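Got a minute to get to know a protein chain? Have a look at the sequence and the 3D structure first, then read on.

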Amino acid sequence: MFFYFFGHHGVLAFLVLILVGIGLFTWRKNFIYMPVCFALAIANVFAGQFANAWFLATFGERGTGVITASEQTNSTLNDEYIWNYDAVVQTKGGKDVVTDFSTTTASTYPIRNAILIPPDGERFVVKYIPGFERNIVIMVDESAYGKRFLSFENLKPVQKARRQYEASPDNRSFREEYLKALQDFVNDPVNATDTLNLRQLRKIIRYLNEN
């Protein structure tokens, strides 16, 4: 509940921490409590959901979730619209829990510079603390949509090497770099579900090795 409050209610948590600082200053007669609580309040605005994500990923129990509804708001963050989401979490014991979050409060793990939210209706992996299951962290890399995203990102070096090779097929270093990029993609377990690309890339590897 502590991590949920500070991760999902940044403005209210900011006010609470400021009031705590004022209260401690009044009680203890020590000014140091004011800047300390103010610094914590500022830090929570930017890092509250990340602390929540780390805590749940480290100590939480595994379950699954499905987004049941999503709605775009009129507010923006980094020039992107903020979305609100409703979801159902199914615990390890089969209990269904209704929860909600937004683009700005969603906790995802691993912690990255981008908040990757699952598509509506697609089941994904979560972690939660038993007793307060509405507070969840989305385990991106363990979910199907996250694996697709990783596979797409892993394909970029292959595409770059392919264009470089096609620009000068007789360049031996370009050919070797392209072959290495292909083999790295094919051998990476993260890409195991990308069967269509794997079949095509294996054909290209055979062709490069035979010619």
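Here is a quick tour, going from the whole chain to its pocket and then to one residue. Keep in mind that this is a predicted model. The chain has 211 residues, and 35% of them are buried. Its secondary structure comes to six helices and six strands.

**The order of the elements**
- Start at the N terminus and you'll meet three helices, then six strands, then three more helices: α-α-α-β-β-β-β-β-β-α-α-α.

**Overall shape and surface**
- If you trace the C-alpha atoms along the principal axes, the chain spans about 80 × 45 × 35 Å.
- The radius of gyration is 23 Å, whereas a compact globule of 211 residues would have one near 17 Å.
- The accessible surface adds up to about 12,900 Å², and carbon and sulfur atoms hold 58% of that.
- Now take the contacts between residues with a separation of 6 or more: 55% of them join residues that sit 24 or more positions apart.

**The largest pocket**
- This pocket holds about 720 Å³ of space.
- It is lined by 28 residues, and the ones closest to the pocket's centre are Q49, L77, T103, T104 and I115.
- Four elements each give two or more residues to the lining: α1 (2-8), α2 (10-28), α3 (33-59) and β2 (80-90).
- Helix α3 provides the largest share of that lining, with six residues.
- What kinds of residue make up the lining? You'll find 14 nonpolar, 12 polar and two charged ones.

**A close-up of L56**
- To find L56, go to helix α3, the helix with the largest share of the pocket lining.
- Is L56 buried or exposed? L56 has a relative accessible area of 1%, and anything under 20% counts as buried, so L56 is buried.
- Leaving aside residues up to four places away in sequence, L56 touches K127, Y128, I129, N135, I136 and V137.
- How far apart are L56 and F3 in space? Their C-alpha atoms are 9.0 Å apart, although 53 residues separate L56 and F3 in sequence.

**Worth remembering**
- The radius of gyration of the chain is 23 Å, against the value near 17 Å for a compact globule of 211 residues.
- Helix α3 turns up twice in this tour: α3 gives six residues to the lining of the largest pocket, and α3 is also where L56 is found.

Definitions and conventions. Residues numbered from 1 in each chain as written. Predicted model: local features only at pLDDT ≥ 70, side-chain atom pairs only at ≥ 80, totals over all residues. Heavy atoms only, no water. 1 Å grid on protein atoms, 1.4 Å probe; cavity = no way out; pocket = protein on both sides within 12 Å on 5 of 7 lines; lining within 4 Å. Points joined across faces, edges and corners; volume = space filled by probe spheres on them. Nonpolar A, V, L, I, M, F, W, Y, C, P; charged D, E, K, R; others polar. Rg over C-alpha atoms; globule rule 2.2 N^0.38 Å. Buried < 20%, exposed > 50% of the residue type's maximum accessible area, 1.4 Å probe, protein only. Contact = heavy atoms within 4.5 Å. Areas by Shrake-Rupley, 256 points an atom, 1.4 Å probe, with all protein chains shown as cover.
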